[in-house]
Amino acid sequence: MTLDNTAPEGTGRRQGPLPQGVRFLPGHLELSAQAELAGQLRTIVAEAPLFSPVMPKNGKPFSVRMSNCGPLGWVSDIRGYRYQPLHPVTGKPWPPLPDVLKELWCELVPDAPEPEACLINFYDGNARMGLHQDRDEETFDAPVLSVSLGDSALFRIGGLTRKDPTRSFRLNSGDVLLLEGPSRLAFHGIDRLYPGTSTLLKNGGRINLTLRRVTKPA
């Protein structure tokens with residue numbers, strides 16, 4: 001495991017230090033662990049199929065497909081953004097969090113309350129994710145922990161407003177990123193994928209997992 005708080009090269013210009021509160025751990029998951037996790041996700045998605053969320057009010061579909069695991073799952077539809085305990089299509093509870101993700105959380109943020117949701121985003125070659133904040137939780141004391149699997153992607157992160165400057169760098173399979181403290185509500189997104197940069201997923205594409213604490217601890 002390597003801890004690196006400097007944005008990697010690969011965006012066409014030299015990058016400076018990452019914003020305060022961003023922890024970037026390139027290659028934190030070894031290939032064997034990535035393969036094991038990908039296999040567990042196939043089982044999860046078989047029980048809780050990927051669905052296509054839409055934007056509130058206008059109903060425009062996201063370019064990514066989603067699912068969740070854990071007690072709560074994040075969804076988006078014409079009624080708004082929210083967390084709920086049931087899959088919006090099947091009506092069944094979300095599958096439990098894999099042990100490897102719970103262990104990763106305990107390893108990296110041992111003092112944080114346990115995660116309650118893991119959002120599973122699947123990106124095909126044309127999928128994107130616009131700049132956004134993760135702010136639908138009741139508490140922001142715990143970090144957002146992100147795991148990348150499959151093809152590389154160009155990640156962009158800014159500040160606490162959309163007008164703040166942004167910087168971009170590549171996330172590769174096995175990389176782990178945490179937004180905590182001053183960067184917990186930083187705007188961030190995915191600008192593009194680099195198809196064919198990983199053989200982890202049989203049909204290509206990228207999976208991004210984000211673990212979140214949703215409710216305030218009792």
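**Cysteines, pockets and fold of a predicted model**

Modeller: Searching the whole of this predicted model turns up zero disulfides.

Biologist: How do you know that C69 is not bonded to C118?

Modeller: A disulfide needs two cysteine sulfur atoms within 2.5 Å. The cysteine sulfur closest to that of C69 belongs to C118 and lies 4.1 Å away, which is too far for a bond. Seen from the other side, C118 has the sulfur of C69 as its nearest cysteine sulfur, at 4.1 Å, and is in no disulfide.

Biologist: What makes C69 and C118 count as buried or exposed?

Modeller: The cut-off for buried is under 20% relative accessible area. C69 has 0% relative accessibility, so C69 counts as buried. C118 also has 0%, so the verdict for C118 is buried as well. Over the chain, buried residues make up 51% of the 218 residues.

Biologist: Why is the chain called as compact as a globular protein of its length?

Modeller: Its radius of gyration is 16 Å, and the globule rule gives 17 Å for 218 residues; the two are close, so the description holds. The C-alpha trace spans about 50 × 40 × 35 Å along its principal axes.

Biologist: What makes up the chain in terms of helices and strands?

Modeller: There are two helices and twelve strands, in the order β-α-β-β-β-α-β-β-β-β-β-β-β-β along the sequence. Of the contacts between residues at least 6 apart in sequence, 73% join residues at least 24 apart.

Biologist: Which residues lie nearest the centre of the largest pocket?

Modeller: They are M129, G130, H132, Q133 and D134, from a lining of 33 residues. Elements giving two or more residues to that lining include β5 (117-123), β6 (129-132) and β12 (206-212). The pocket has a volume of about 560 Å³, and its lining divides into 17 nonpolar, nine polar and seven charged residues.

Biologist: How does the second largest pocket compare in what lines it, and which element gives the most?

Modeller: α1 gives the most, with five residues. Both α1 (31-47) and β5 supply at least two residues of this lining. Altogether 13 residues line the second largest pocket, and R42, L50, F122, L201 and I207 lie nearest its centre. By class the lining has nine nonpolar, two polar and two charged residues, around a volume of about 280 Å³.

Biologist: What makes the phi of K57 worth a remark?

Modeller: Most residues other than glycine have a negative phi. The phi of K57 is near 70°, a positive value in a residue other than glycine. K57 sits in the loop between α1 and β2 (65-69).

Biologist: Is K57 buried or exposed, and how do you know?

Modeller: Exposed requires over 50% relative accessible area. K57 has 82%, so K57 is exposed.

Biologist: Why is F155 called buried or exposed, whichever applies?

Modeller: F155 has a relative accessible area of 5%; the cut-off for buried is under 20%, so F155 is buried. This residue is found in strand β8 (residues 152-157).

Biologist: Which residues is F155 in contact with, leaving aside neighbours within four places in sequence?

Modeller: The partners of F155 are R167, S168, F169, L171, L177, H188, G189 and I190. One of them, R167, is twelve residues from F155 in sequence, and the C-alpha atoms of the pair are 8.4 Å apart. Contact here rests on heavy atoms within 4.5 Å.

Note on methods. Residues numbered from 1 in each chain as written. Predicted model: local features only at pLDDT ≥ 70, side-chain atom pairs only at ≥ 80, totals over all residues. Heavy atoms only, no water. Buried < 20%, exposed > 50% of the residue type's maximum accessible area, 1.4 Å probe, protein only. 1 Å grid on protein atoms, 1.4 Å probe; cavity = no way out; pocket = protein on both sides within 12 Å on 5 of 7 lines; lining within 4 Å. Points joined across faces, edges and corners; volume = space filled by probe spheres on them. Helix = DSSP H or I, 4+ residues; strand = E, 2+ residues; numbered from the N terminus. Nonpolar A, V, L, I, M, F, W, Y, C, P; charged D, E, K, R; others polar. Rg over C-alpha atoms; globule rule 2.2 N^0.38 Å.
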